[in-house]
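Visitor: Please take one part of this model and look at it closely. I would like a connected account of how that part sits among its surroundings.

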Amino acid sequence: MSDDAAVLDDPRAIVVTTGTRADRFTTFARERSPELSRIAYLLCGDVHRAADLVQLALERTYRAWNRVGDGDPFAYARRVIATARIDSWRRTKHDVLVAPADLRPGSASDGTQHVVDRDELVRALRQLPAGQRRIVVLRYLLDRTEKQTAEDLGISVGAVKSGASRGLDKLRQILGKGIPPSATATSDTTTRKEAK
């Protein structure tokens, strides 16, 4: 199945085409903002920066609505978030990381283990170099193909492959568990199938 066919089969990709431009955009923003917020948070690891990125993405998507409103505005908004975050990395050239000992969560009840695991993953992602973090988030957490990730980041597919491999290796070292070595092998097999 082609990427375009997969998008058309995805019920989340359906865009309301009736009503005014503002009505259609409002429906899009209401339905897709939670996903955009999650993407932004995974890319930057800060709730406030993530909110700013989502606001910027929605603003730019609204301004471009005549071009993207009948297509895939979510892809456009996601690209705005990724690009804006890359620009901020280039401007600041560093993120302030907290010592790993300060990041350890306290004891958690049985019902919060999922939250603790997710928090541990986000903290581990923040320890990756910016380029590897972007690739790992887009490739594995957002389930983008290598080609889509390369297009979103403006890099080659080879750079995505090597960045993903190095990023997963680093995550394995940081977390010490949970990421099987076969994860990269599975992605390579999937990519070969997609190419056929």
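Guide: A helix here is a DSSP run of H or I with at least four residues, and helices are numbered from the N terminus. The model is a predicted one. In these terms the protein has eleven helices and zero strands. The part chosen for the close look is helix α2, residues 21–44.

Start inside the helix. At Arg32, shortly before the proline Pro34, α2 has a kink of about 50°. Just after the end of α2 comes Gly45, with a positive phi of about 75°.

Next, the partner helix. The axis of α2 comes within 9 Å of the axis of α8, which spans residues 130–141, and the two cross at roughly 145°. The crossing is right-handed. On the α2 side the contact is made by Arg38, Leu42 and Leu43, and on the α8 side by Arg133, Arg134, Val137 and Leu141. Sorted by class, this contact holds four nonpolar residues, three charged ones and no polar ones. As background, an α-helix has 3.6 residues a turn, so residues three or four places apart point the same way.

Leu42 of α2 has a further neighbour. Val122, in helix α7 (residues 113–126), touches both Tyr41 and Leu42, leaving aside residues up to four places away in sequence. Val122 has 7% relative accessibility and therefore counts as buried, the cut-off being under 20%. Val122 can also be placed relative to Val137, one of the α8 residues in the contact with α2: the two C-alpha atoms are 9.9 Å apart, with these positions 15 residues apart along the chain.

Earlier in α2, Phe25 and Phe28 are touched by Thr61, a residue of helix α3 (residues 47–63). Thr61 also touches Val68, Pro73, Tyr76 and Ala77, again with residues up to four places away left out. Thr61 counts as buried because its relative accessibility is 0%.

For the wider setting, buried residues make up 37% of the 196 residues in the protein. Of the contacts with a separation of 6 or more, 61% join residues 24 or more positions apart. The protein exposes about 11,700 Å², and 53% of that comes from carbon and sulfur atoms.

Notes:
Residues are numbered from 1 along each chain as its sequence is written. This is a predicted model: local features need pLDDT of at least 70, side-chain atom pairs count only at pLDDT 80 or more; totals for chains, interfaces and linings use all residues. Side-chain values use heavy atoms; hydrogens and water are left out. Axes are lines fitted to C-alpha atoms, for helices over the stretch in contact, and angles run from 0 to 180 degrees between N-to-C directions. A crossing is left-handed if the near helix is turned anticlockwise from the far one by less than a right angle, and right-handed if clockwise. Contact means heavy atoms within 4.5 Å. Ala, Val, Leu, Ile, Met, Phe, Trp, Tyr, Cys and Pro count as nonpolar, Asp, Glu, Lys and Arg as charged, and the others, Gly among them, as polar. The bend at a residue is the angle between axes fitted to the seven residues ending there and the seven starting there. Buried means under 20% relative accessible area, exposed over 50%, partly exposed in between (1.4 Å probe, protein chains only). Accessible areas come from the Shrake-Rupley method with a 1.4 Å probe; for residues, only the protein chains shown count as cover.
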